Each structure stands twice: as C-alpha cells, then as structure tokens.
Amino acid sequence: RAKAAASGASSSTAVTTKSADKKSPAVRAGFLNKKTEETTAPPPPFWKRWYEKTIGPKSMLWVVGPVAKNYVIFVGVSLFIHFKGDLLALPPPV
C-alpha cells in the first residue's frame, strides 16, 4: 500500500484510510461484558426455585405430564389385554 500510495495509483485508498482513522470505533470496549439485572440480582430463595422446578406452571411435571399420560394409558391397556384378555372374549356360542 505504501508503494501504491507513493505512486499515486491508489489515492482513494489513502483517503478512506485517513477518514477511517478519525472515526470512533463501531463497538465500545466492554460491549459483551455488560452487567445485566439478572447477573446482579441475588438468586431467588430455595423454596421458590424448588417450586418452579417441581410443581410450578413451567415445571417438568406440567411439560412432560400430558405426553407421559398417553404412554401410561397405552402400556396399561396393553398389559391388561395381554394378561386378562380372556375377560374381553365373547361367550361361546350356544
């Protein structure tokens, strides 16, 4: 670049380089290390964390429960038919 700038072949490059030096940086230093409210706030009490994980509205019980219910019903009916299927049989003809 220095050779091109000296010969005058790339005068536009020299102009943009000079103008880029005068601009402020696009992103401030420490942009990714900002503190947020979540990181500065103390963690919630134990009972609240336990409630949210176990029986709260967004807990695993309410998320997985409706899907697991279908599997439990399917396995229960399958086992009933396998072991007690004779109870479901029609009576012999007369």
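This is a short talk on the helices, the surface patch and one buried serine of a predicted model.

I'll start with the fold. The protein has five helices and zero strands, so along the sequence the pattern simply reads α-α-α-α-α. Of its 94 residues, 3% count as buried. The accessible surface is about 9300 Å², and carbon and sulfur atoms account for 67% of that area.

Next, the surface. There is a nonpolar patch made up of Phe46, Trp47, Trp50, Tyr51, Ile55, Leu61 and Trp62. Together these residues expose about 880 Å² of accessible area. Which helix gives the most to the patch? That is helix 4, with four residues. Helix 4 spans 46-54 and helix 5 spans 60-84, and each of the two supplies at least two patch residues.

Now the loop between helix 4 and helix 5. Two of its residues are worth a look, and I'll take the patch member to begin with. Ile55 sits in this loop. Its relative accessible area is 45%, so it counts as partly exposed, which is the class between 20% and 50%.

Ser59 is in the loop between helix 4 and helix 5 as well. Is Ser59 buried or exposed? With a relative accessible area of 2%, Ser59 falls under the 20% cut-off and is therefore buried.

What does Ser59 touch, leaving aside residues up to four places away in sequence? The contacts are Glu52, Lys53 and Thr54. For Thr54 there is a further detail: its backbone oxygen lies 3.1 Å from a polar atom of the Ser59 side chain.

That's the loop, and that's where I'll stop.

Terms used:
Residues numbered from 1 in each chain as written. Predicted model: local features only at pLDDT ≥ 70, side-chain atom pairs only at ≥ 80, totals over all residues. Heavy atoms only, no water. Buried < 20%, exposed > 50% of the residue type's maximum accessible area, 1.4 Å probe, protein only. Areas by Shrake-Rupley, 256 points an atom, 1.4 Å probe, with all protein chains shown as cover. Patch = residues over 30% accessible without salt bridge, like charges linked within 9 Å, V, L, I, M, F, W, Y side chains within 5 Å. Salt bridge = Lys/Arg side-chain N within 4 Å of Asp/Glu carboxyl O. Polar contact = N/O pair within 3.5 Å; in protein donor to acceptor, adjacent residues only side chain to side chain. Contact = heavy atoms within 4.5 Å.
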